[in-house]
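Let's take a walk through a protein chain together. Have the sequence and the 3D view ready, and pause at each stop to find the residues for yourself.

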Amino acid sequence: MIGRCHHCATDSETYYNCANMDCNELFLCCESCLKAHVGCCCHECQEAPRLRPYKLSAKPFRRWYHYADTKEALYQLAGKDVPQREEPL
Ligand SMILES: [Zn+2]
Ligand SMILES: [Zn+2]
């Protein structure tokens with residue numbers, strides 16, 4: 001079943017999570033709008049302080065922590081300071 005892009009209402013069947021980690025809205029988006037809005041659901045989110053990098057957010061149906069190769073990267077993606085000591089996540 002095909003839906004419509006959240007931004008331009010063109011036919012689209014792919015859901016993305018908003019790149020703004022404080023929003024994380026799941027929305028339908030076409031590829032060109034995804035690029036134009038850097039993976040965000042709305043203009044406000046584009047200016048939010050905690051954005052996932054566009055390339056990472058451009059993959060649908062995956063959570064941000066799948067993109068982290070190291071624990072340091074995981075914390076950075078989560079917008080947290082990397083802890084000094086070993087701690088379970
Ligand atoms: Zn669109
Ligand atoms: Zn958003």
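The paragraphs below go from the overall layout to the core and then to some single residues.

Before we start, keep in mind that this is a predicted model. The chain has four helices and four strands. How are these elements ordered from the N terminus on? They run β-β-β-β-α-α-α-α, so if you follow the chain from its N terminus, you pass the strands and then the helices. Of the 89 residues in the chain, 24% count as buried. We can also ask how contacts link parts of the chain that are apart in sequence. Among contacts between residues at least 6 apart in sequence, 36% join residues at least 24 apart.

Now let's turn to the core. Which residues make up the largest nonpolar core? It has 12 residues: Tyr16, Cys18, Ala19, Phe27, Leu28, Cys29, Cys33, Leu34, Cys40, Cys41, Cys45 and Leu51. Two elements, β4 (26-28) and α1 (31-36), each give two or more residues to this core. Cys41 is one of the core residues, and its contacts are worth tracing in the 3D view. Not counting residues up to four places away in sequence, Cys41 touches His6, Cys18, Cys23, Glu25 and Phe27.

Next to Cys41 in the numbering comes Cys42, in the loop between α1 and α2 (43-46). Is Cys42 buried or partly exposed? Cys42 counts as partly exposed because it has 16 C-beta neighbours inside 10 Å, while a buried residue needs 20 or more. Cys42 and Glu25 are 17 residues apart in sequence, and their C-alpha atoms are 9.8 Å apart in space.

Val38 is in the loop between α1 and α2 too. With 17 C-beta neighbours inside 10 Å, Val38 is partly exposed. Have a look at its backbone as well. Most residues other than glycine have a negative phi. Val38, however, has a positive phi of about 40° although it is not a glycine.

Another positive phi can be found at Ala9, where the value is near 65°. Where is Ala9 found? Look in the loop between β1 (3-4) and β2 (11-12). Ala9 is exposed because 12 other C-beta atoms lie within 10 Å, and a residue with 12 or fewer falls into that class.

Thr10 also lies in the loop between β1 and β2. Thr10 has 13 C-beta neighbours inside 10 Å, and therefore counts as partly exposed. Leaving aside neighbours within four places in sequence, Thr10 is in contact with Arg4, Cys5 and Cys30. Thr10 and Cys29 are 19 residues apart in sequence and 8.5 Å apart in space, C-alpha to C-alpha. Cys29 belongs to the largest nonpolar core, so you can use Thr10 to find your way from the loop back to a core residue.

Our last stop is Gly79, in the segment after α4 (71-78). Gly79 is partly exposed because 13 other C-beta atoms lie within 10 Å. Which residues does Gly79 contact, leaving aside its neighbours within four places in sequence? They are Met21 and Arg50. Gly79 and Leu51 are 28 residues apart in sequence, yet 9.1 Å apart in space, C-alpha to C-alpha. Leu51 is one of the residues of the largest nonpolar core, which brings our walk back to a place we have already visited.

Note on methods
Residues are numbered from 1 along each chain as its sequence is written. Chains are lettered from A and ligands numbered from 1 in the order in which they are written. This is a predicted model: local features need pLDDT of at least 70, side-chain atom pairs count only at pLDDT 80 or more; totals for chains, interfaces and linings use all residues. Two residues are in contact if their C-beta atoms, placed from the backbone, lie within 7 Å. A nonpolar core is a set of buried Ala, Val, Leu, Ile, Met, Phe, Trp, Tyr and Cys residues joined through C-beta atoms within 7 Å.
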